[in-house]
Amino acid sequence: MTKIYPNSPTSQSPALDIAVDSEPSSFTVWRKSLLFNCSGFTVFDAKGELVFRVDNYSFSKRTEIVLMDAGGKSVFTVRRKRLTLVDHWRIFEGEEAALRRRFSARKHLTLLPSKVLAHVTPCGREQGPIYCVEGSFSHRSCVVYDELRRPVLEIRRKEAIGGVAFGGDVFRLIVQPGFDSGLAMAIVILLDQMFGSRTAPIRG
């Protein structure tokens, strides 16, 4: 059976500005839960170790998705804001009993052609950069930039292995040094909710 976890990140995209003394982290995202008859995500690191998972989207909580680590501990919770005219989501950090709102995300809407997909901004009193997501999630080709236009993460198609090509449900997540890989995966969940209907969306 073909392994889906990352190859060593040898070739780098020219869009990524990588420091000489540090390397980005490479993850393989599988748009499938390891649990039987569940939807979700399974994320492996470059060594093939399980690092994150989303086991299912409950029918009663389709507006809330919990990202867990390999041990099942909640890392980030993504919730859709109700009664809004545009896709508006919030990212919370921590366990259910002590969630801390960290970021707000909005789908970018315009009548003009644009490569911008969404904006992710700090919530409330949180201090931090504003992130801009550009590219095409349906083609698994996205880059997230900070306020200084430095790429912090990239979504790419998974390269074929041994002549076996992967579909859109298996793709690579490249995270730059210093950027939270859990937050990177939370942004992937957001994009899947905003644009996933074009690539067989997960259903509860």
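I will walk through the fold of this chain and then look at one of its strands with its two neighbours.

A word on the source: this is a predicted model, in which local features need pLDDT of at least 70 and side-chain atom pairs count only at pLDDT 80 or more, while totals for chains, interfaces and linings use all residues. Residues are numbered from 1 along each chain as its sequence is written, and side-chain values use heavy atoms, with hydrogens and water left out.

The chain has one helix and twelve strands, both taken as DSSP runs, with at least four residues of H or I for a helix and at least two of E for a strand. The twelve strands come before the helix along the chain, and they close into a barrel in the order E1 through to E12 with antiparallel pairing, where pairing requires that DSSP find at least two bridges between two strands.

Let me turn to E10, residues 141–145, which is largely enclosed by the rest of the structure because four of its five residues are buried, that is, under 20% relative accessible area with a 1.4 Å probe, counting protein chains only. On one side, E9 (residues 131–136) pairs with E10 over five bridges, with Gly135 and Cys142 as bridge partners, and in their hairpin, which has four residues between the strands, Arg140 takes a positive phi near 55 degrees. E10 also pairs in the antiparallel sense with E11 (residues 151–157), over four bridges, one of which joins Tyr145 to Pro151; here the hairpin has five residues between the strands, and Arg149 in the turn has a positive phi of about 65 degrees.

Key: Buried < 20%, exposed > 50% of the residue type's maximum accessible area, 1.4 Å probe, protein only.
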